[in-house]
Amino acid sequence: MGEALRDLLVTPAEMAAIDEDAVHSGIESFSLMRSAGMAVSAAALRLFPSASRFVVLCGPGNNGGDGYVAAAALAESGASLAVFALGDVGKLKGDAARARAAYAGEIQAIGTYEPQAGDVVIDALFGAGLARDLPDEVQEAIRRVEDSRRPVIAVDLPSGIDGRSGEIRGASFTAAHTVTFMAAKPGHLLLPGRTRCGTLEVFDIGIPDRVVRARAGDLRINTPAVWQQHASGLDPATHKYKRGHLAVFSGPQISTGAARLSAMAGLNAGAGLVTLVSPPDAIAANAAHLTAVMLKEMGKTGDLAAWLKDRRLGAFVLGPGFGVGKKARAFALMLCGRALVLDADAVTSFKERRTDLFNTIAMEGGQVVMTPHEGEFARLFPEIAADTALSKIEKAQAAAKLSHAVILYKGPDTVVAAPSGRTVVNANAPPWLATAGSGDVLTGIIGAHLAQGMPAFEAAAAAVWRHGEAGTRAGQGATAETLVANIPPFDYSATRPMGRVAL
Ligand SMILES: NC(=O)C1=CN([C@@H]2O[C@H](COP(=O)(O)OP(=O)(O)OC[C@H]3O[C@@H](n4cnc5c(N)ncnc54)[C@H](O)[C@@H]3O)[C@@H](O)[C@H]2O)[C@@H](O)CC1
Ligand SMILES: [K+]
């Protein structure tokens, strides 16, 4: 499956440049607005055929312009309609003024809109051009609509959502459906924006693919297209040694469960062999619980150095339940030249000593993935975490650049970023994936992919996706154990319907 336009994520700034390039290439800008507005009216009629009235709220820019086109089309279809505008419609410029002129009906001031039973609201107030917090008048209108629980269709983005970061600028609509154009924006996938978009429709308004791709950066939605060409080693028919040997390090006697979850997930995700490396005091506890996973006793760093001479060891998982401190640091630094996942305690262990880690990763040039959740991210990258100007995507990218590792920044909107800048945002995780031990399962899946020779970025992105699928298969009430049992095989034909992103 090749990469489709619908897998791209385009920032509002890139989208503005794409729009300009399209016009320079000879496309009439108003034809883009016409297509956008028509798509919105079509969605409204399709989704709410029995609406008593469509209410179009129009802003001062081109998002408002799309709204006037939609209003004219809805009027033409015979639907009952009301239009409310923010500001002086006489001051509209360019395409928005032309769209407004083509709408013959009455336009009222937004402050006078009182939602009525049967209204379906079309939010065309602000889209990609939102640059600061919404004016009070708009925030009040949003509150009235939210209180009335009337359904909202958002044009491009629910007004108030920052398309770059997903942050809410003062207030925002909660849409039932959002129609965006050419490609999804980060604000559609990142929290909290994602929770406000409803279903997302990506509509092709006629800008050629090549124009969009020329401006799009290295940002993608996480789909199999990103990593599936690196997944050939995951063919279950192959030999077990070819499918890679994964080593997972267990913590001491009182905290062995997390590493065992990683190990079992690694085995189920397709590693040919998995060895749980256990300190002497935890051997009995681990042995009592393992069957297919092998067990090896290891105490000191010297023992690890000797074992690492075996180059058949494909990948290593260090961190879940391991314990924070000197031993974790010593083990991690010895493994930086190999394929390695550093999670949980292994990440936290470098809170005060991160330079040692980052320099070693840079020097050794291994395939290193770090999987911090928000708290661990703030421990290892405090200055990046505290920078409120950065989106979650930009934070993950900055951390990857600084650490020389692939950063898998966990959460309901997991971001995976490589030091090169390649980045994906994940969108297939059900909310119940946030269960105790879920992260250990994810770590094990990454380990399996690394053991089979996948590069770190693809290994991490594929693991996040399979982890999300496992959550969906396990269903509500999933536990770490049922997640392990539900890790899906790679589905090479996995596709989503055209123009839809399941959020
Ligand atoms: N980029 C494209 O390819 C296309 C864009 N279209 C539409 O155009 C929209 C972008 O249009 P604009 O760039 O005019 O931006 P908007 O319509 O989102 O915003 C309008 C203007 O409001 C001002 N503004 C920003 N934040 C404000 C705030 N908090 N309070 C008051 N005023 C504020 C800004 O000057 C901004 O330019 C898209 O969201 C989309 O709906 C479509 O017409 C089709 C083509
Ligand atoms: K909008």
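The shell around ligand 1 in this predicted model splits into 15 nonpolar, eight polar and five charged residues. Here Ala, Val, Leu, Ile, Met, Phe, Trp, Tyr, Cys and Pro count as nonpolar, Asp, Glu, Lys and Arg as charged, and the others, Gly among them, as polar. A residue is taken as near the ligand if its C-beta atom, placed from the backbone, lies within 6 Å of it; of the 28 that surround ligand 1, G61, N62, N63, G127 and G129 come nearest. Helix α3 (62-76) gives the largest share, five residues. Helices and strands are DSSP runs (H or I, at least four residues; E, at least two), numbered from the N terminus.

Residues are numbered from 1 along each chain as its sequence is written, with chains lettered from A and ligands numbered from 1 in the order in which they are written. Local features need pLDDT of at least 70 and side-chain atom pairs pLDDT 80 or more, while totals for chains, interfaces and linings use all residues.

As for strand β9 (residues 245-249), five of its five residues are buried (20 or more other C-beta atoms within 10 Å of their own, C-beta atoms being placed from the backbone), so the strand is largely enclosed by the rest of the structure. H245, A247 and F249 point one way, L246 and V248 the other. That fits the usual pattern: in a regular strand, side chains alternate between the two faces of the sheet. β9 runs parallel to β10 (residues 273-278), paired over five bridges (DSSP must find at least two for a pair), and F249 has V277 as its bridge partner there.

Definitions and conventions
A residue is buried if 20 or more other C-beta atoms lie within 10 Å of its own, exposed if 12 or fewer, and partly exposed in between; C-beta atoms are placed from the backbone.
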